[in-house]
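Biologist: Please take a close look at one part of this model for me, the contacts made by its side chains. I would like the cut-offs spelled out along the way.

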Amino acid sequence: DMLARGERLTQLFKQNKGRPYTLFEETALLLAYQNNAFKDIPAAKVAETVPKLLRFLNSRAADVRSEISSTKQLSDDDRAKLVKCINSFKEGLVNG
């Protein structure tokens, strides 16, 4: 299980050379990983799921993105909002 998690984490942080992740994106991906959003996704599919998650979060958590971008901090409230959005995304993956 630990190796599988490590493999998913490696896939999670593969970035396009011309476009590194923003602080918001890195924060969101780490929270998604911590909350097992990628647990049921084969490691080979993680890289194609990441942009879908980021698009979802950019539309559903724009206020959190703005806050993190301006303050460079993750408040407890913003963390809770992001986790809620991540769980919503995860449910959508499971339920189609």
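**Side-chain contacts up close**

Modeller: Let's start with K81, which is partly exposed at a relative accessible area of 39%. Here buried means under 20% relative accessible area, exposed over 50%, and partly exposed in between, using a 1.4 Å probe and protein chains only. Please keep in mind that this is a predicted model: local features need pLDDT of at least 70, side-chain atom pairs count only at pLDDT 80 or more, and totals for chains, interfaces and linings use all residues. Residues are numbered from 1 along each chain as its sequence is written, and side-chain values use heavy atoms, with hydrogens and water left out.

The partner of K81 is D63: the two form a salt bridge whose closest N and O atoms are 3.3 Å apart. This pair links distant parts of the chain, with K81 in helix α5 (residues 76–95) and D63 in helix α4 (residues 62–71), 18 residues apart. D63 is also partly exposed, at 44% relative accessibility. A salt bridge here is a side-chain nitrogen of Lys or Arg within 4 Å of a carboxyl oxygen of Asp or Glu, and searching the whole structure turns up 3 of them.

Another salt bridge joins E48 and K45, with 3.9 Å between the closest N and O atoms. These two sit in helix α3 (residues 43–60), 3 residues apart, or about one turn of the helix. E48 is partly exposed at 42% relative accessible area, and K45 counts as partly exposed at 41%.

Then there is R19 with E25, whose side chains meet in a salt bridge at 2.7 Å, N to O. R19 is partly exposed at 42% relative accessibility, whereas E25 is buried, with a relative accessible area of 4%.

E25 takes us into helix α2, residues 23–34. Its 12 residues reach 16 Å from first C-alpha to last, close to the 16 Å expected at 1.5 Å a residue; that expectation is 1.5 Å times one less than the number of residues. E25 is among the buried residues of α2, as are F24, L29 and Y33. Just after α2, N36 takes a positive phi of about 60°.

Y33 has a charged visitor: the charged end of R5 sits over its ring, 4.5 Å from the centre. That label requires NZ of Lys or CZ of Arg to be within 6 Å of the ring centre and within 35 degrees of the ring normal.

For rings meeting rings, the whole structure holds 1 aromatic pair. F56 and F89 make up this tilted pair, 5.5 Å centre to centre with 55° between the planes. F56 belongs to helix α3 and F89 to helix α5, so the pair ties together parts 33 residues apart in sequence. Rings of Phe, Tyr and Trp (its six-membered ring) pair if their centres lie within 6.5 Å; planes under 30 degrees apart are stacked, over 60 edge-to-face, and the rest tilted. F56 counts as buried at 17% relative accessibility, and F89 is buried at 10%.

As background for these contacts, the protein has 5 helices and 0 strands, where helices (H or I, at least four residues) and strands (E, at least two) are DSSP runs numbered from the N terminus. Buried residues make up 33% of its 96 residues.
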